[in-house]
Amino acid sequence: MDFALLRDAFWGLTFDGIALGAIYALISLGYTLVYGVLRLINFAHSEVFMIGTFAALVAASGIMGVKVEDDPRTGGSMILTLLVCLLVAMLASAITAVLVEIVAYRRLRQRGATKLATLISAIGVSISLVELFRIITDSLPREFPRIMEKTFLFSYAGADIRNDKVIVIIAAGLMMFALERFITKTRLGKGIRAVSMDENTSTLMGVNINRVITVTFFAGGIMAGAAAFFYILVYENTSFKVGFFLGISAFTAAVLGGIGNLKGALFGGFALGLMETWTSAVFGTAWKAVISFIILVLVLLIKPTGLFGESIQQARV
Amino acid sequence: MKKNRVLAVVAAVAIATSSFVAFAPSASAACSSKLKIAYQGPLTGPEAALGINELNGVKFALKRFLAANKSANVDPVVYEVDDQGDPAVAGPIAPKVAAEECVVALVGPAYSGASKVSLPVYLSAGLPIITPSATNPTLPDFGKSIFHRAVLTDDYQGPALARLVTSRVKNAKVFLVNDASDYAVGLQKTVDITLAGRVVGKDVTPTGTTDFTATIAKIKKSGATAVIYSGYFSQAAVFVKQLRDSGSKIVFASGDGTLDNQFIKLARKAAEGVLLSAPAIPMETASPKLAAEMVKAGWTPGVYTTESYDAANFFLEAIKAGNTDRASINKYVSTKSSKGLSKVLKFDAQGEVSGADVNGFVIKNGKIVLLGAIKA
């Protein structure tokens, strides 16, 4: 155990942990939104994220013509490339999420299938997508070109603050703020909250359930797409199995915070990012999953509904 | 009455099973058509590049053999076994390969983890193997009499990798990282012993790790001047990229698992200057003439192509000498020797080869450049 490292490199580890946590938080919002409305875990959400990373890749090389051997872009061209990649990733993930809902959920729901059947059909979609991308990519990881030169903005207490991670943290914060506004202020957002409170009553009140569910998947997809772009911007590679590792972490984050609760997903994401980074430093990287899951189990033992309880009704980000 | 019925069922099952065993094809069942040479390794999956290098070596050897021995009773097509380099995939495949009567020899398995699950199956089927690249020292325990290895083990590669780093970095302080695979743990152990007092820290980053923040923080705090990573290229690329992005310029070294052009493709500029070791010799160095001939035939030589070519040739020489079944081919390769491109293949009682070198490489201008044999 190396507590000295945690003490000495605390701010550096914390900064990197927050950047990782921001990505977890964005993905976990998708899990929590769907759970809040359908009371079901969307097991295909990890692949919604995975497709976002590949969409960003296609956007960079196909639309913006960036080659892996190119020098990083600067100025307006860089900002435009970043924005296009972000938007394409969000759109691709959102469309995937909506399609997943139509294929794996809608018909089963309308025919009154059990929750288990829906769960399995979502897992089936997830596996199909993973295998599809395994075949398309010939199982090889893909590199993302460097769009933006990675530089240190400043140093604080031994922590080097890098530009790409600052962008991730700020942009993720903005995305979360926008989602909060959407859920609390808009008509559709109110619909989501109404359905999550009581599906039957909201139907009687004239809420279009199908539309609300589609919008919920779409919003979750947007967040996963943003997470995918931020992930590929920082780590610059992806593969067909990228969703598996990130998806498990994000799902854990959602459960930790209290699944169905937006504030919980955010808190869970950041908490897990920090916990993983800190425990890797103290116990060694191989131990991070062990320690993180022990903490999760302990939290659930004390508070079975997660830290913030299970509710989307009073959604606050 | 009920009891009797149960007994009857048990007896019937027992008889059925025993008769099935009696009629199951035995290991030495004769092959009624052409003899087949098999190759086992990752032909798809993230490690496929290495397997394809090796398969190409086997194909090239077979093509040259059949051109010189037109009447040989050998199938011109290599029997391909794709284990993806993964023990979980290799497990169910090995019995199917063993049951193929005409497969009389196998080049591979390429990876140590997959070898550990495959070798016991081939041992019970009497199928002789020569692995061109599985370097874990414990493999003879799994393959016993059918096991042969055309390269030096990690017992040699580890110390050589350590010497490669200490010869190029003055007063090296080394940080060791491995990916928790069979191969990586074995390699790191021997690196560690050779470096003795020079190791300033260690970390394990299991396969699938995407964020190396904590590992890099440890490396920086340890004051290391070099990192030796034991593992495979796909993760090595992610690691070295993050290390360089963190501002660190210390030497990065790794073993044969990273010696792959895919590594350069993934890590790009971060791959420059990376030191690599392998108990292998590139075809271009061993025989420029054959390397050119191979390219002309449509196959690009890569890491372990030469060793696979040599292994396949040894088996083909055994067949040419009149051996047509697994047992006699095994006896031939276990007792005779073969003059290969990389070295003379002569196996000891454990199936190990001697008199070979571990080579050092450096990545320069996006290419793997041979530095030569790493001196003791």
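Biologist: At roughly what angle do the axes of helix 6 of chain B and helix 7 of chain B cross?

Modeller: In this predicted model, the axes of helix 6 of chain B and helix 7 of chain B come within 7 Å. Angles that are neither roughly parallel, roughly antiparallel nor roughly perpendicular, the last running from 65 to 115 degrees, count as oblique, and these two helices are therefore oblique to each other. Helix 6 of chain B passes helix 7 of chain B in a right-handed crossing, and the angle between the axes is roughly 50 degrees.

Biologist: Which class of residue, nonpolar, polar or charged, has six members in the contact of helix 6 of chain B with helix 7 of chain B?

Modeller: Helix 6 of chain B brings residues including B:D154, B:P159 and B:L161 to this contact, while helix 7 of chain B brings, among them, B:L187, B:K189 and B:T190. By class, three of the contact residues are charged and five are polar, and the six are nonpolar.

Biologist: How far does helix 6 of chain B reach from its first C-alpha to its last?

Modeller: Helix 6 of chain B runs over residues 154–168 and has 15 residues. At 1.5 Å a residue, the expected reach is 21 Å, and the helix comes close to this, with a reach of 21 Å.

Biologist: Which helix of chain B supplies the largest share of the side that touches chain A?

Modeller: The contact takes 26 residues from chain A and 28 residues from chain B. On the side of chain B, strand 7, helix 8, helix 9 and helix 10 each supply at least two residues. The largest share, six residues, comes from helix 8 of chain B.

Methods
Residues are numbered from 1 along each chain as its sequence is written. Chains are lettered from A and ligands numbered from 1 in the order in which they are written. This is a predicted model: local features need pLDDT of at least 70, side-chain atom pairs count only at pLDDT 80 or more; totals for chains, interfaces and linings use all residues. Helices (H or I, at least four residues) and strands (E, at least two) are DSSP runs, numbered from the N terminus. The expected span of a helix is 1.5 Å times one less than its number of residues. Axes are lines fitted to C-alpha atoms, for helices over the stretch in contact, and angles run from 0 to 180 degrees between N-to-C directions. Angles under 35 degrees count as roughly parallel, over 145 as roughly antiparallel, 65 to 115 as roughly perpendicular and the rest as oblique. A crossing is left-handed if the near helix is turned anticlockwise from the far one by less than a right angle, and right-handed if clockwise. Two residues are in contact if their C-beta atoms, placed from the backbone, lie within 7 Å. Ala, Val, Leu, Ile, Met, Phe, Trp, Tyr, Cys and Pro count as nonpolar, Asp, Glu, Lys and Arg as charged, and the others, Gly among them, as polar.
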